[in-house]
Amino acid sequence: MGMKMSKRSFPATTGTPPKDYFLHVDTGSEILWVNCVNCFPFCAINTDIDDLTLKMYDPKNSSTADLVPCSGGFCTDNYKSPIPGCSSGDVFGYGLKYGDGSGSDGYFVNDVIGYDQVSGNLGIQVLYLGSCATQQTGNLASSTGALDGLIGFGASDESMLSQLASSGKVKKKFAHCLDGKNGGGIFAMGDVVQPTPKSTPLVPNAYAF
């Protein structure tokens, strides 16, 4: 894949043929989303972070992409009941609000996600891509805070890490090896063999001030 690690982002490929995206890492949410091709003018085109031009995801240009319907399957399994107002053929939409007041709205898509691996590449069909964002608000809509998308590392079954773990590809762990001089560093999913990492459990519903 040969991707450069942004100082504040996580690299992944999406779709077939694969395209590179840089994603914010968030341990307080579960959804993975990337900016959708029809997001503009409701999202940024450029970002001041590493001076990147944002890449928009287009499910029509991926041969492995499938829209997630609001009826049946993942949608009703997730909500344990039919979605009010859902009509046949409608996509399963989402709306997220983050702690800084920003928000993201869009719809879910099944697609292939690829990550760099220590030896070779890992390409895996996941339950869902996360979502295709059609509108951003707050910092996510500003070039000072925007990236191609966001990957949630929360503990729920919907997070990308949980999906990878349930498929048997990795253990449900992640690690960030910090670079004290240049920022960023190495972000890894699964067990880290060497060097031995120090662990910190994620405590649900706990806030530090």
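This report walks through the nonpolar cores, a cavity, an aromatic cluster and two buried residues of the structure above. Please keep in mind that the model is a predicted one.

**The nonpolar cores**

A good place to start is the largest nonpolar core, which has 20 residues. Within this core, Tyr57, Tyr115, Ile151 and Met160 touch the most other members. Several elements feed into the core: strand S2 (19-26), strand S10 (112-116), helix H2 (160-166) and strand S15 (185-189) each give at least two residues. The largest share, 3 residues, is supplied by H2. There is also a second, separate core, made of 13 residues, with Trp33, Cys75, Leu140 and Leu150 among them. As background, nonpolar side chains tend to be buried together in soluble globular proteins.

**The cavity**

Searching the whole structure turns up 1 cavity of 30 Å³ or more. The volume of the largest cavity is about 70 Å³. Which residues line the largest cavity? The lining consists of Thr14, Gly15, Pro17, Lys19, Tyr21, Met56, Tyr57, Asp58, Asn61 and Ser62. You may recognise Tyr57 in that list, since you have just met Tyr57 as a member of the largest nonpolar core.

**Aromatic rings**

The structure contains 3 aromatic pairs. One aromatic cluster is formed by Phe92, Tyr94 and Phe108.

**Two buried residues**

Let us now look at Thr47 and Ser159. Thr47 sits in strand S4 (residues 46-47). Is Thr47 buried or exposed? Thr47 counts as buried because its relative accessibility is 3%, and the cut-off for buried is under 20%. Leaving aside residues up to four places away in sequence, Thr47 touches Leu52, Leu54, Ser143, Ala146 and Leu147. For two of these residues, Ser143 and Ala146, the side chain of Thr47 reaches the backbone oxygen.

Ser159 lies in the loop between strand S13 (149-152) and H2. Because its relative accessibility is 0%, Ser159 counts as buried too. The side chain of Ser159 makes a polar contact with the side chain of Ser162.

The table gathers the polar contacts of these residues with their distances.

| Side chain of | Partner | Distance |
|---|---|---|
| Thr47 | backbone oxygen of Ser143 | 3.4 Å |
| Thr47 | backbone oxygen of Ala146 | 2.5 Å |
| Ser159 | side chain of Ser162 | 2.9 Å |

Technical notes:
Residues numbered from 1 in each chain as written. Predicted model: local features only at pLDDT ≥ 70, side-chain atom pairs only at ≥ 80, totals over all residues. Heavy atoms only, no water. Helix = DSSP H or I, 4+ residues; strand = E, 2+ residues; numbered from the N terminus. Buried < 20%, exposed > 50% of the residue type's maximum accessible area, 1.4 Å probe, protein only. Polar contact = N/O pair within 3.5 Å; in protein donor to acceptor, adjacent residues only side chain to side chain. Contact = heavy atoms within 4.5 Å. Phe/Tyr/Trp six-rings, centres within 6.5 Å; stacked < 30°, edge-to-face > 60°. Core = buried A, V, L, I, M, F, W, Y, C linked by side-chain atoms within 4.5 Å. 1 Å grid on protein atoms, 1.4 Å probe; cavity = no way out; pocket = protein on both sides within 12 Å on 5 of 7 lines; lining within 4 Å. Points joined across faces, edges and corners; volume = space filled by probe spheres on them.
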